[in-house]
Amino acid sequence: MSRVFRKVLLFESVSAVLVAEKVLKDRDIPYKLIPVPKHLSSDCGVCIRVNALDLRSAEEILTGKVKVLSIHELSET
Amino acid sequence: MAYTIDARGLACPQPVILTRKALETNDDLIVLVDDTAAHENVKRLAINMGFVVEEEQQGGETRIRINKVGACTHAAQGAITPQGPVVVVIASDTMGRGEDVLGGVLMKSFLHTLTQAFPMPDTMILFNTGVKLAVKGSEVLDDLESLANAGVNILACGTCLNYFSLKENLIVGVVSNMYDISQTMLGAGRIVHI
């Protein structure tokens, strides 16, 4: 079973996710908007998934533009 | 003699797909799994289809015996066994009415969830602006592709693609027509309309 190492970035609001999405898109950082994994929160939220390798650049680019609430490991098969 | 599927080491949803396919032609089946998610998903599939399930742990592996014996009793107890295929109808590129930006977010979220859902739909029908989800540049192509790879039949309304001049840009699914779309809907066991 192959494991792909990815990180999820959680934000304060859906609007914040949309800001982050736009920033990442403009800078060509590969990302995906996904529902917040159930083990992190049971509310109907969305978050941003990035490849673990892109995490640092994503964080740098987002700094000062939108506040990242938390970052979590995510392994999907 | 039970038919045996060795699903050890296979990634989800492969064990479920193999089991579902085998149950179309076999009433007595043994599925070997070595993964908790595969174990649960295969078990749920069999129960939802009205089969009786017995499990046997052998080290890190589980041997799941699926058969029809007593299945009628089980169905009579109220197991949900939809007759006919599950069809998801997507009539727009946004989920819900009111605020399109939010609707776009919800649609991305929904389609991603669908790739991990169980049971997976048998068919998805995209029409009106829903076809825009399956064309070049769509942000949900990867999710639609993984659904298609898992065996979901994706139909995109040809009239709609034509209206938006997107026929050449269709990446996932097949160009369909209203005859197929209406027949698929009428023949569905369950329709989920988004």
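Two strands count as paired if DSSP finds at least two bridges between them. Keep that rule in mind on this tour of a predicted model.

**Stop 1: a pair of strands in chain B**

Select residues 28-33 of chain B, which are strand β2. Add β4(B), residues 61-67. Six bridges link β2(B) and β4(B), and the two are antiparallel. Click on B:Leu32; its bridge partner in β4(B) is B:Arg63. Two helices pack on the sheet here. Helix α1 of chain B, residues 14-25, touches β1 and β2 of chain B. Its direction makes about 170° with that of β2(B). Helix α2 of chain B, residues 36-48, touches β2, β3 and β4 of chain B. The angle between α2(B) and β4(B) is about 5°.

**Stop 2: the hairpin**

Keep β4(B) and add residues 52-58 of chain B, strand β3. Seven bridges join β3(B) to β4(B), and the strands run antiparallel. One bridge pair to find is B:Val52 with B:Asn67. Together β3(B) and β4(B) make a hairpin, with two residues between them. Look at B:Gly59 in the turn: its phi is positive, about 65°. How many of the seven residues of β3(B) are buried? The count is zero, so the strand is hardly covered.

**Stop 3: the whole four-stranded sheet**

Now show all of this sheet. It is open, its strand order is β1-β2-β4-β3 (chain B), and the pairing is mixed. Which strands stand at the edges? They are β1 (3-6) and β3 of chain B. Each has a single partner strand, so one side of each is left without a neighbour in the sheet. From one strand to the next, the twist averages 20°.

**Stop 4: the five-stranded sheet**

Stay in chain B. Another open sheet has the order β8-β7-β6-β5-β9, with parallel pairing. Its edges are β8 (174-176) and β9 (190-193) of chain B; each has a single partner strand, so one side of each lacks a neighbour in the sheet. Neighbouring strands are turned by 25° against each other on average, direction ignored.

Zoom in on β5 (residues 86-90) and β6 (residues 123-126) of chain B, a parallel pair with four bridges. B:Val88 stands opposite B:Met124 in β6(B). Then select residues 178-186 of chain B, helix α7. This helix packs on the sheet and touches β5, β6, β7 (153-157), β8 and β9 of chain B. Its direction makes about 135° with that of β7(B).

**Stop 5: a helix in chain A**

Move to residues 14-26 of chain A, helix α1. At 1.5 Å a residue, its 13 residues should span 18 Å. The end C-alpha atoms are 18 Å apart, which agrees.

Colour A:Val17, A:Ala20, A:Glu21 and A:Leu24, which are buried. Look down the axis: the buried residues of α1(A) fall within an arc of 105°, so they line one face of the helix. On the other side, A:Ser15, A:Lys22 and A:Asp26 are exposed. After α1(A) comes A:Asp28, with a positive phi near 60°.

**Stop 6: where the chains touch**

Show both chains. Nine residues from chain A and eleven residues from chain B make the contact. On the side of chain A, α1 and β2 (31-35) are the elements that give two or more residues. Which gives the most? The answer is β2(A), with three residues. What kinds of residue does chain A bring to this contact? They divide into seven nonpolar, two polar and no charged.

Definitions and conventions:
Residues are numbered from 1 along each chain as its sequence is written. Chains are lettered from A and ligands numbered from 1 in the order in which they are written. This is a predicted model: local features need pLDDT of at least 70, side-chain atom pairs count only at pLDDT 80 or more; totals for chains, interfaces and linings use all residues. Axes are lines fitted to C-alpha atoms, for helices over the stretch in contact, and angles run from 0 to 180 degrees between N-to-C directions. Two residues are in contact if their C-beta atoms, placed from the backbone, lie within 7 Å. The expected span of a helix is 1.5 Å times one less than its number of residues. A residue is buried if 20 or more other C-beta atoms lie within 10 Å of its own, exposed if 12 or fewer, and partly exposed in between; C-beta atoms are placed from the backbone. The arc is that of the directions from the helix axis to the C-beta atoms. Ala, Val, Leu, Ile, Met, Phe, Trp, Tyr, Cys and Pro count as nonpolar, Asp, Glu, Lys and Arg as charged, and the others, Gly among them, as polar.
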